Amino acid sequence: MLLKEIFDEIDKRQDEMVKHRRHLHENPELSFEEVETAAYVADFYKGKDVEVTENMGGEGLRVVIDTKKPGKTIALRADFDALPIHEETGLPFASRHDGVMHACGHDAHTAYLMVLADILNEKKDNLRGKIVIIHQHAEEAPPGGAKQMIEAGVLEGVDNVFGIHVMSSMPLGTAHYHKGNTQTGRAKFRVKFQGTGGHGSMPYLSNDAIVAASHFVTAVQTIVSRRLSPFENGVVTIGSFAGEGTFNIIKDSVTVTGDVRAMSDEISHVIEREVKRIAKGIGETFAMEVEINYAKDYPVLYNDPAMTDLVVDAIREAKIPEVKEISDGGPQPPSEDFSFYAKERPSCFFYVGAKKDDAPYPHHHPKFDIREDAMAICAKSMAAVTVKYLMED
């Protein structure tokens with residue numbers, strides 16, 4: 001049985017996955033700067049019977065496995081950028097680069113998919129159609145590597161796209177999915193209040209930007225509580241308030257930045273409208289000039305119901321020994337640029353538990369780490385999806 005042969009190969013090559021993951025973990029690179037990472041991945045495919053396109057939309061790679069038999073074309077995606085975080089794990093393979101760390105699991109995504117792609121390529125005579133492997137740069141920073149790779153043509157000829165994220169919050173041995181809107185869309189804003197500075201003893205001769213900006217910070221908290229239905233999901237977070245000055249000087253300008261998350265495009269529009277309305281209204285109230293910069297980063301990630309059913313059925317039917325539970329994990333608050341693929345093709349993005357019982361630190365934490373045996377579960381789950389997708393009508 002083909003799937004059993006693939007699983008056996010995955011078991012034999014778990015140490016190889018670990019080796020790749022640890023190399024990547026030791027040598028992290030920030031979004032749009034992954035030159036050595038991309039070279040490492042490209043070198044892995046040298047001499048193999050695959051078609052490799054490098055520098056796709058940046059540092060991304062497109063690897064095509066062609067069975068030479070008619071059929072559908074599936075794309076499997078993994079990201080490989082790191083974060084601007086100083087690692088505090090104390091691991092023997094901790095980051096060698098100060099202030100840069102794989103704190104989200106992208107090293108594991110890349111490692112499992114490299115090995116799985118090699119195995120699928122070795123077994124391609126027993127498959128049909130094509131498999132496109134997307135090794136993507138810059139998931140963490142807008143405009144996002146996915147968008148750039150799509151613009152460069154990574155999805156040409158592709159019918160559907162699948163991706164996995166390891167989750168440090170979910171127990172090992174579990175796989176999770178969700179249909180429909182699954183991860184939030186993201187936006188950010190920057191609002192500058194320009195007043196008139198002056199002496200702290202004579203506020204009547206000035207126009208205090210700190211007072212106006214403080215009102216703005218308070219007022220935007222009402223967007224979620226007073227403008228959204230309790231059955232709708234949205235978050236507005238003020239991330240910075242640049243109002244530092246001197247105790248006896250009235251500040252002439254203050255810049256406030258914020259983060260917005262929403263689980264639907266409609267709610268995203270409402271929040272944008274309200275942030276701008278409140279900022280302009282406070283500008284009028286305090287007779288200040290207001291400069292508003294509002295930028296949408298990533299759309300809501302939508303999981304196609306049919307593709308999600310395929311994932312669930314594939315994992316259940318494969319009876320992967322390490323998977324003890326597959327369930328609807330519900331929507332996830334973070335944003336994810338896989339959403340750009342899902343806007344272009346019916347897709348599914350699902351999750352594999354990788355929680356370390358002794359240190360379950362969240363993603364983007366300086367002590368973040370995962371159970372490395374989760375990579376084999378990722379590989380087997382995606383193998384099951386790929387075989388079912390390509391071989392069943």
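**Exercise 1.** Sort the residues that line the second largest pocket into nonpolar, polar and charged.

*Solution.* The lining divides into 7 nonpolar, 3 polar and 5 charged residues. Asp, Glu, Lys and Arg count as charged; Ala, Val, Leu, Ile, Met, Phe, Trp, Tyr, Cys and Pro as nonpolar; the others, Gly among them, as polar. The model is predicted: local features need pLDDT of at least 70, side-chain atom pairs count only at pLDDT 80 or more, and totals for chains, interfaces and linings use all residues. Residues are numbered from 1 along each chain as its sequence is written, and side-chain values use heavy atoms, without hydrogens or water.

**Exercise 2.** Locate the second largest pocket and state its volume.

*Solution.* Start with the space: about 160 Å³. A pocket is an open set of 1 Å grid points, over the protein atoms alone, where a 1.4 Å probe fits, with protein on both sides within 12 Å along at least five of seven lines; lining residues have an atom within 4 Å of a point. Points join across faces, edges and corners, and the volume is the space filled by probe spheres set on them. Next, the residues: the lining has 15, and Asp265, Ser268, Lys296, Tyr298 and Pro299 lie nearest the centre. Last, the elements: strand E8 (185-194), strand E12, helix H7 (265-285) and strand E13 (289-298) each supply at least two lining residues. Helices (H or I, at least four residues) and strands (E, at least two) are DSSP runs numbered from the N terminus.

**Exercise 3.** Describe the largest pocket in the same three steps.

*Solution.* Its volume is about 510 Å³. The lining holds 27 residues, with Gln183, Arg261, Pro333, Pro334 and Ser335 closest to the centre. By class, 12 are nonpolar, 10 polar and 5 charged. Strands E5 (160-167), E10 (234-242) and E12 (253-262) each give at least two residues to this lining.

**Exercise 4.** Write down the strand order of the open sheet of 8 strands and find its edges.

*Solution.* The order is E1-E2-E4-E3-E5-E16-E6-E15, with mixed pairing. Two strands pair if DSSP finds at least two bridges between them. The edges are E1 (51-56) and E15 (325-328), each pairing on one side only. Now take one pair inside the order. E6 (174-177) and E16 (347-353) run antiparallel and are joined by 2 bridges. His176 has Tyr351 of E16 as its bridge partner.

**Exercise 5.** Is Ile250 buried or exposed?

*Solution.* Place Ile250: it sits in strand E11 (249-250). Its relative accessible area is 8%, so Ile250 is buried (under 20% is buried, over 50% exposed, partly exposed in between; 1.4 Å probe, protein chains only). Then list contacts (heavy atoms within 4.5 Å). Beyond four places in sequence, the partners of Ile250 include Thr196, His199, Pro203 and Asp208. Check a distance too: Val211 is 39 residues away in sequence, and its C-alpha lies 9.8 Å from that of Ile250.

**Exercise 6.** Find the backbone exceptions at Asn55, Lys319 and Pro143.

*Solution.* Most residues other than glycine have a negative phi, and most peptide bonds are trans. Asn55 has a phi of about 50°. Asn55 belongs to strand E1 and is exposed at 53% relative accessible area. Lys319 also has a positive phi, about 50°. Lys319 lies in the loop between helix H8 (305-318) and E15, exposed at 65%. The bond between Pro142 and Pro143 is cis, with omega about 10°. Pro143 falls in the loop from E4 to helix H5 (145-151).
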